[in-house]
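I am opening a fresh page for this protein and will write down what I look up, entry by entry. The sequence and the structure should be at hand while reading.

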Amino acid sequence: MPKCHIMDTLDRRAKEKIILDLFRTFAQNILAVAYYVVQDHALAEDIVQETFLTAMDKLYQLNDLNKAGGWLKRIAINKAYSEMRKRQRTFPQPVPWVTDDSSVEDTLIAKEEALLVCEALDRLSGEHQMVLFLKYFRGLTVKEIAAALNAPEATVKSRLQRSRELFYRHYHRKAGVQG
């Protein structure tokens, strides 16, 4: 006998209300994730729209509203990666943090440091880049990353560990640091 899910019993108006509530809650985070991957604001906005349209069609797959953020991020990440494959683009990297009152020397050092970080991140696979992004740029916990990537927490932990090791190896090689 097929399993009946509460989302299956909702009419279109109820589903639209749920999606609208999810949009209000998560749209900015989804935009940030999409932008990180595609580095194009207009394309990232398109991905956000496509994410919520897909969510509307597949709302029946969401078993727990408390996991909606991770579910939506996974949809957005998949759509962003799909766009990247279509466009054969490389994954972008962060820009250095420099304030208006930074000295010229501080600015140059920050840019050089950012370049080293970008080059080290470029050497990582997309999945290693994504776990580092979600952990250190979006501040997600291992549990949240696991939900977003639809992966076991143990896998996320080992992928984070491996990603950090690879990053530091590439970073130190580029920076000429021994160790």
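**Entry 1: a glutamate to begin with**

In which helix does Glu 83 lie? I looked it up and found Glu 83 in helix H3; I also note at once that I am working with a predicted model. I then asked whether Glu 83 is buried or exposed. Its relative accessibility is 11%, and because the cut-off for buried is under 20%, Glu 83 counts as buried. Leaving aside residues up to four places away in sequence, I listed what Glu 83 touches, and the list reads Val 38, Leu 43 and Ile 47.

**Entry 2: the whole chain**

I stepped back to see the overall plan, and I counted 7 helices and 0 strands, which along the sequence gives the pattern α-α-α-α-α-α-α. The protein has 179 residues, and buried residues make up 40% of them. I also looked at contacts between residues at least 6 apart in sequence, and 66% of these join residues at least 24 apart.

**Entry 3: how far to trust the model**

Before going further I checked the confidence values, and the mean pLDDT of the protein is 79, with 80% of the residues reaching 70 or more. Among the elements, helix H2 (residues 41-57) has the highest mean pLDDT, 92, while helix H4 (residues 104-122) has the lowest, 73. Two stretches I marked in the margin: over residues 1-6 pLDDT stays under 50, and the model has 5 contacts there beyond four places in sequence. Over residues 89-96 pLDDT also stays under 50, although for this stretch the model has 26 contacts beyond four places in sequence.

**Entry 4: H1 against H3**

I returned to the helix that holds Glu 83 and looked at how H1 and H3 meet. The axes of helix H1 (residues 12-38) and helix H3 (residues 68-87) come within 9 Å and cross at roughly 30°, and the crossing is right-handed. On the H1 side the contact is made by Leu 22, Phe 26, Asn 29, Ile 30, Val 33, Val 37 and Val 38, and on the H3 side the residues include Leu 72, Ala 76, Ala 80, Glu 83 and Met 84. Sorted by class, the contact has 13 nonpolar, 2 polar and 2 charged residues. I recognise Val 38 from my first entry, where I listed it among the residues that Glu 83 touches.

To read such a list I keep in mind that an α-helix has 3.6 residues a turn, so residues three or four places apart point the same way.

**Entry 5: aromatic rings**

How many aromatic pairs are there? The count comes to 3 aromatic pairs. I described one of them, Phe 23 with Phe 52, as edge-to-face, with 5.0 Å from centre to centre and 75° between the planes. This pair links distant parts of the chain, since Phe 23 is in helix H1 and Phe 52 is in helix H2, 29 residues apart. The two partners also differ in burial: Phe 23 is partly exposed, with a relative accessible area of 38%, whereas Phe 52 is buried, with 5%.

Why is the pair of Phe 167 and Tyr 168 called edge-to-face? The ring centres are 5.3 Å apart and the planes stand at 70°, and because planes over 60 degrees apart count as edge-to-face, the pair is given that name. Phe 167 is buried, with a relative accessible area of 13%, while Tyr 168 counts as partly exposed at 46%. I also noted that Phe 167, Tyr 168 and Tyr 171 form one aromatic cluster.

**Entry 6: helix H7 and its distant partners**

I moved on to Arg 169, which has its place in helix H7 (residues 153-175) and is partly exposed, with a relative accessible area of 40%. Arg 169 and Ala 120 are 49 residues apart in sequence, and from C-alpha to C-alpha they are 8.2 Å apart in space. Lys 174 is found in helix H7 as well, and its C-alpha is 9.7 Å from that of Leu 115, with their places 59 residues apart in sequence. Not counting residues up to four places away, Lys 174 touches Leu 116 and Glu 119.

**Entry 7: helix H5**

My last look was at helix H5 (residues 126-137), where the buried residues include His 128, Met 130, Leu 132 and Phe 133. Just after H5, I found Gly 139 with a positive phi of about 70°.

Conventions: Residues numbered from 1 in each chain as written. Predicted model: local features only at pLDDT ≥ 70, side-chain atom pairs only at ≥ 80, totals over all residues. Heavy atoms only, no water. Axes fitted to C-alpha atoms, helices over the stretch in contact; angles between N-to-C directions. Helix = DSSP H or I, 4+ residues; strand = E, 2+ residues; numbered from the N terminus. Left-handed = near helix turned anticlockwise from the far one by under 90°. Contact = heavy atoms within 4.5 Å. Nonpolar A, V, L, I, M, F, W, Y, C, P; charged D, E, K, R; others polar. pLDDT = per-residue confidence, 0-100. Phe/Tyr/Trp six-rings, centres within 6.5 Å; stacked < 30°, edge-to-face > 60°. Buried < 20%, exposed > 50% of the residue type's maximum accessible area, 1.4 Å probe, protein only.
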